[in-house]
Amino acid sequence: MPAPDQRVLLIGLDAADPVLVQDWITRGDLPHLAGLQRRGTTMRLETSARHLAGSPWPTFFTGQHPTGHGLYADFQWRHETMEFAAPTPDWIDPVPFWRELEDEIDIVVYDVPFVTQARRVRGVEIVGWATHDKLLPPNSYPDSLLAEVERRFGSWHVSYEAYGPAPVAELLALRDEMIENTRRSTELILWLLERDWQLALVCLSALHRGGHRLFDRSSIKGEVTAAEGAAFDDAMRQLYIAADTAVGRLVEAFPEVDVVVFSLHGMMTNIARADLLDDMLRRVLEGPTAKARKGLVRQLGEALPYSLRRAVSKRIPRVLQDRLMTAWATGGIDWHKTPAFCCRADLQGYVRLNLKGREAQGCVEPGPEAEALVARIREGLMSFREADTGEPVIDDVVPAEDVLPPGPVRDRIPDLFVMWRETSQAGLRAVQSDSLGTIRRAAPGEGNGPNGRSGNHRPEGILIAAGRGIPEGRLSNARPHTVDLAPTVLRRLDLHSRAPLVGTVIDELAGLR
Ligand SMILES: [Zn+2]
């Protein structure tokens, strides 16, 4: 059991970028984070987002790698039924470490992304309130808490992300909404923290949503005046200043507690060309004359779920939505002649083999046949270059087994990760392969990517921690993994968990007494 005066406040700044944070700390723009850095230890975090962009939150809160928790996107392949579906608790329901404690302590949890459903804890939990990623509508433990929150703070859930480049006025409105989101979340968190607690985990999501859409001007559609341009170029910094203010308010309210501010991945220029992968893979499998499948399927990336869900979510039940989206994504596929296919992706590309014995309608024998297929896909995909520049499009095509440890739900994870070359995707109009021909981008807009995201995730997080026994003013070269956070927090509080945590305690932060 923790000593009664030992408390830990974890503040998740979703997708806060380690490079931007450090630059703006150095320039004096983020005084509260700078103060925390002076009295604590800073380190970069290795992350499961390196290969599975949507996985870092479940990796953190289960303390397991993706092959142990199986959740990596808001729309995943379900091989038992050959369909895409939104993960729901009856199918994929990774258990957060704070629900598996052997000791009873008071807990406050606010808005951890990718948690599906609030469940009984000693304390309170709010899920899916103002997060960028949410799998279910807002919910809480106890049930009555949500109604009380709405009474006190009003209803201001974050909507699903808009799709496509947007007029600059719309993006500046997003900036304002995100700054307001941070401010209102902070008020709500301070209210939640008025009760007794020893472990609090609170998340702010503005840097995530804002980072995707405000990173640079390739998110903008149409004319931009000089004043609008200047405001837009400063929007990201303004969001970080708002997040810094939030951290300052929380730290000032609890000067005696241990504080850990962290992100599980960052934000950099968008390198994703995942919207092209479906057609690239079909060329590899069927040759240069393979026809692109028509319509929405070309946008199997970000577009399909968001735009569709927005269009239909109020009108039909989720199970029908899944069926509808599956029909659009896989309609017309003859599984017995389809050895491999793409899964929805918004950063790295995901390829899955249609493996016998695993997929319900598998047609590829595991072993030598599958290995030959992987080699063929890898070689074919890597033959594509940017049509305009001749530069490669893909850095590497990586089998999951090469980068992830084995785990009980490995079957849920794609088989191949397509790692794009680390240059901006904006302006890419077509890809070309000597043997497989040319593929034009479905909707390059005004030279920009189709989904309007100028920013996408840097595969690296940051952690700034201060508290008893943690070295002061240290910029550490240690590079722990996101799976190491849960065991480290539990060690600080001298708590024990029934959860099978695979990470190791970060020595510099353990604060053993
Ligand atoms: Zn994201």
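**View 1. Surroundings of Val374 in helix α13.** Leaving aside neighbours within four places in sequence, Val374 is in contact (heavy atoms within 4.5 Å) with Leu353 and Leu416. Val374 belongs to helix α13, residues 368-382, where helices are DSSP runs of H or I with at least four residues, strands are DSSP runs of E with at least two, and both are numbered from the N terminus. Leu353 and Val374 are 21 residues apart along the chain, and their C-alpha atoms are separated by 8.3 Å. This and every other view shows a predicted model, in which local features need pLDDT of at least 70 and side-chain atom pairs count only at pLDDT 80 or more, while totals for chains, interfaces and linings use all residues. Residues are numbered from 1 along each chain as its sequence is written, and side-chain values use heavy atoms, with hydrogens and water left out.

**View 2. The four-stranded open sheet and the helices across it.** The strands of this open sheet follow the order β11-β12-β15-β14, with antiparallel pairing; two strands count as paired if DSSP finds at least two bridges between them. At the edges stand β11 (340-343) and β14 (394-399), each with a single partner strand, so one side of each is left without a neighbour in the sheet. On average, neighbouring strands here are turned by 25° against each other, direction ignored. Strand β12 (residues 349-353) and strand β15 (residues 416-420) run antiparallel and are joined by three bridges, and Tyr350 stands opposite Phe417 in β15. Helix α13 lies across β11, β12, β14 and β15, running at about 170° to β14, and α10 lies across β11, β12, β14 and β15 as well, running at about 175° to β11. For such angles, axes are lines fitted to C-alpha atoms, for helices over the stretch in contact, and the values run from 0 to 180 degrees between N-to-C directions.

**View 3. The three-stranded open sheet.** Here the strand order is β13-β16-β17, and the pairing is antiparallel. Because β13 (385-386) and β17 (437-440) stand at the edges, each with a single partner strand, one side of each is left without a neighbour in the sheet. Two bridges pair β13 with strand β16 (residues 430-433) in the antiparallel sense, and Glu386 stands opposite Val431 in β16. Helix α10 (residues 277-286) lies across β16 and β17, running at about 160° to β17.

**View 4. The zinc ion and its histidine donors.** The zinc ion is coordinated at 2.1 Å by the NE2 atoms of His208, His212 and His457; donors are N, O and S atoms within 2.8 Å of the metal (3.2 Å for Na, K and Ca), and water is not among the atoms, so sites may look incomplete. Along the chain, the donors follow the spacing H-x3-H-x244-H. The pair His212 and His457 links distant parts of the chain, 245 residues apart, with His212 in helix α7 (residues 206-214) and His457 in the loop between β18 (455-456) and β19 (461-466). Both His212 and His457 are buried, a term for under 20% relative accessible area, with exposed meaning over 50% and partly exposed in between (1.4 Å probe, protein chains only).

**View 5. The covered strand β9 and its partners.** Strand β9 (residues 258-263) is mostly covered, since six of its six residues are buried. Asp258, Val260 and Phe262 on one side and Val259, Val261 and Ser263 on the other are all buried, and both faces are thus covered. Strand β1 (residues 8-13) pairs with β9 in the parallel sense over five bridges, and Ile11 stands opposite Val261. With β19, β9 runs antiparallel and is joined by five bridges, and Val259 stands opposite Ala466 in β19.

**View 6. The crossing of helices α2 and α9.** The axes of helix α2 (residues 31-38) and helix α9 (residues 235-253) come within 7 Å and cross at roughly 55°. That angle makes α2 oblique to α9, given that angles under 35 degrees count as roughly parallel, over 145 as roughly antiparallel, 65 to 115 as roughly perpendicular and the rest as oblique. Residues making the contact include Leu33 and Leu36 of α2 and Val247 and Val251 of α9.

**View 7. Cysteines without a disulfide.** The structure holds zero disulfides, a disulfide being a pair of cysteine sulfur atoms within 2.5 Å. The sulfur of Cys342 has its closest cysteine sulfur in Cys343, 7.7 Å away, too far for a bond.
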